[in-house]
Amino acid sequence: MYSRIRLVAKTSFSTTSLLSSVASTDTLKKEILRKNGPRLSVPSLLQQRDDSGHPITLPELRLISKRLIRSNRHDIALQMMEWMEGNRKDIHFSADDTALKLELIIKAHGLKQAEEYFDQLQSSVSLKAAYLPLLRGYVKGRLVKEAESLMEKLNGFGFLVTPHPFNEMMKLYEATQQYEKVVMVVGLMKRNKIPRNVLSYNLWMNACCEVEGVGGVESVYGEMVGDKSVEVGWSSLCTLANVYVKVGFVGKAELVLESAEKKLNRSNRLGYFFLITMYASLGDKEGVVRLWEGSKSVSGRITCANYICVLSSLVRLGGLAEAERVFEEWEENCCNYDVRVSNVLLGAYVRNGLIREAESLHDRVLERGGSPNYKTWEILMEGWVKCQSMEKAIDAVHRAFELMKGCHWRPSQRIVMAIAEYFEKEEMIEEANTYVRDLHRLGLASLPLYRLLLRMHEHVQRPASHIYDMMKLDNIQMDEET
């Protein structure tokens, strides 16, 4: 495991931002950024712009790429870069552009093509800029052998001089529960005089909790406090507090969180919501509310993710009244009605048996222009099945089925069977047949479901050959009971 690191002087390279650019509102930009995609191919659009005598500039490319990446249209951004590389000899991409291209290749085509692109790079500056996105790709895919092989290669290049690649390896080992290897990575950094940053210490503390227990974590924290090159901030204190929570040292966790509050950055909300989550894990509703109110003093827009965090924390602690107040604040300030926020309160109502409140909230969401997603219908299904409003539950199931093409969500078998049993009880054979066909089409049919439908057909003495055909296609074997 890259046991001895070759140290070389740090190579200077361009620090120009990938996405710094002048504003552009021309036709090309509008066409490429169209919601439904450009009407012509990207190469054709860029060629047209070239032929007009006003070729696209590198700053414009970066600006448009930034917008495309925000909307997860990585393939279009990649097409732009590839066309520019192949057709514009006057443009020279920076090392950071090379790193961006490798990231786009990973998103658009996967790691295999990204590896091929990386292996073709000749410039050490480009290699140095591009290795981290590739390594992060391996970490995200939990590809330990590939990541270790890349680290060996980077060691040969003399690139292992910063904590960043080591931090990525520690993330990978934690994700694959190889905690001893995290400790080994830290030892390697120490032997080769690689500085540790805040993230290094946080990852090390997490691993030590699994390997050496609380004593080991406190020892790492003490080492961090003595390291003059890093500042102990709220994130490290939250990491320590989380360890204390895991082992049941609630009093120590509370003291550490008090210190973390004093370290919060008044220009960034991130720390507030880490602490909100920590206080929720301790069952401290007062702490959640205090941090929520404190977060409002930070300038800038409070995001939907922030609202979801505090709402989830409050409903988890039984603070339904407080959650309702927070939700009303969100409704007053939201520009686009994001149902992921309302779903948190909707779920709380259903879990608490408040089906009328849930229905009222659902109606309000629709009035405000919200678009229910699969989670909305799942929550409502659960509530309506629970209170035996089966017609409403059936409607919710069919609406959820319409959304299943675009997501990986699947209804629980308990809900699937509850609706099927309702059809059987009410002797609604036509509706049952339609329902099972839909489930078969979506790959959700099961042996209990087919058994139920066969019983219904047997009861009214109707042919059931189509049921056996579906079972055969689903590779579901008949048993003695079928």
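How exposed is F157, going by its relative accessibility? In this predicted model, F157 has 34% relative accessibility and therefore counts as partly exposed. Its ring partner, F159, sits at 6%, so F159 counts as buried. The two residues are a handy way into the structure, and the aromatic pairs are picked up again further down, after the overall layout.

On the whole-protein level, the secondary structure is easy to sum up: 26 helices and zero strands. The C-alpha atoms fill a box of roughly 85 × 70 × 55 Å when taken along the principal axes. Of the 482 residues in the protein, 50% are buried. For a feel of distances inside that box, take G283 and L61: their C-alpha atoms are 222 residues apart along the chain and separated by 49 Å in space. G283 belongs to the loop between α15 (270–281) and α16. With a relative accessible area of 47%, G283 falls in the partly exposed class because exposed means over 50%.

Back to the rings. The count for the model comes to 13 aromatic pairs. One of them joins F157 and F159, with ring centres 5.4 Å apart and planes at 50°, so this pair is tilted. That label follows because planes under 30 degrees apart would count as stacked and planes over 60 as edge-to-face. In general, a pair of aromatic rings is described by the distance of the centres and the angle of the planes. The F157–F159 pair thus brings together a partly exposed ring residue, F157, and a buried one, F159. Elsewhere, ring pairs link F401, Y422, F423 and Y435 into a cluster.

Next come the charged contacts, with a total of 24 salt bridges. One of these is made by the side chains of E329 and K296, at 3.0 Å from N to O. E329 is part of helix α18 (residues 320–333), while K296 sits in the loop between α16 (285–295) and α17 (304–316), so the bridge ties together parts that are 33 residues apart in sequence. Both ends of the bridge are partly exposed: E329 has 24% relative accessibility, and K296 has a relative accessible area of 31%.

Another salt bridge joins D395 to R399, with an N to O distance of 2.9 Å. Here both partners belong to helix α22 (residues 390–403), and because they are four residues apart, about one helical turn separates them. D395 counts as partly exposed at 36% relative accessibility, and R399 is likewise partly exposed at 38%.

What about a salt bridge with a buried partner? The side chains of D338 and R340 meet at 2.6 Å, N to O. D338 has 16% relative accessibility and so counts as buried, given that buried means under 20%. Beyond such pairs, salt bridges also link R136, E168 and K171 into a network.

Some charged residues group at the surface instead. E391, E426, E427 and E431 form a negative surface patch. Residues enter a patch with over 30% relative accessible area and no salt bridge. E427 clears that cut-off and counts as exposed, because its relative accessibility is 58%. Its place is the loop between α23 (413–425) and α24 (429–441).

The backbone has a couple of details to flag as well. Where does R142 sit? R142 lies in the loop between α7 (124–140) and α8 (144–157). Its phi is near 55°, which is a positive value in a residue other than glycine. R142 has 52% relative accessibility and therefore counts as exposed. K193 also has a phi near 55°, again positive and again in a residue other than glycine. This lysine is found in the loop between α10 (179–191) and α11 (198–211). At 74% relative accessibility, K193 counts as exposed.

Key
Residues are numbered from 1 along each chain as its sequence is written. This is a predicted model: local features need pLDDT of at least 70, side-chain atom pairs count only at pLDDT 80 or more; totals for chains, interfaces and linings use all residues. Side-chain values use heavy atoms; hydrogens and water are left out. Patches are made of residues with over 30% relative accessible area and no salt bridge: like charges are joined within 9 Å, nonpolar side chains (Val, Leu, Ile, Met, Phe, Trp, Tyr) within 5 Å. Accessible areas come from the Shrake-Rupley method with a 1.4 Å probe; for residues, only the protein chains shown count as cover. A salt bridge is a side-chain nitrogen of Lys or Arg within 4 Å of a carboxyl oxygen of Asp or Glu. Lys and Arg count as positive and Asp and Glu as negative; His and the chain ends are not counted. The place of a charge is taken as NZ of Lys, CZ of Arg, CG of Asp or CD of Glu. Helices (H or I, at least four residues) and strands (E, at least two) are DSSP runs, numbered from the N terminus. Buried means under 20% relative accessible area, exposed over 50%, partly exposed in between (1.4 Å probe, protein chains only). Rings of Phe, Tyr and Trp (its six-membered ring) pair if their centres lie within 6.5 Å; planes under 30 degrees apart count as stacked, over 60 as edge-to-face and the rest as tilted.
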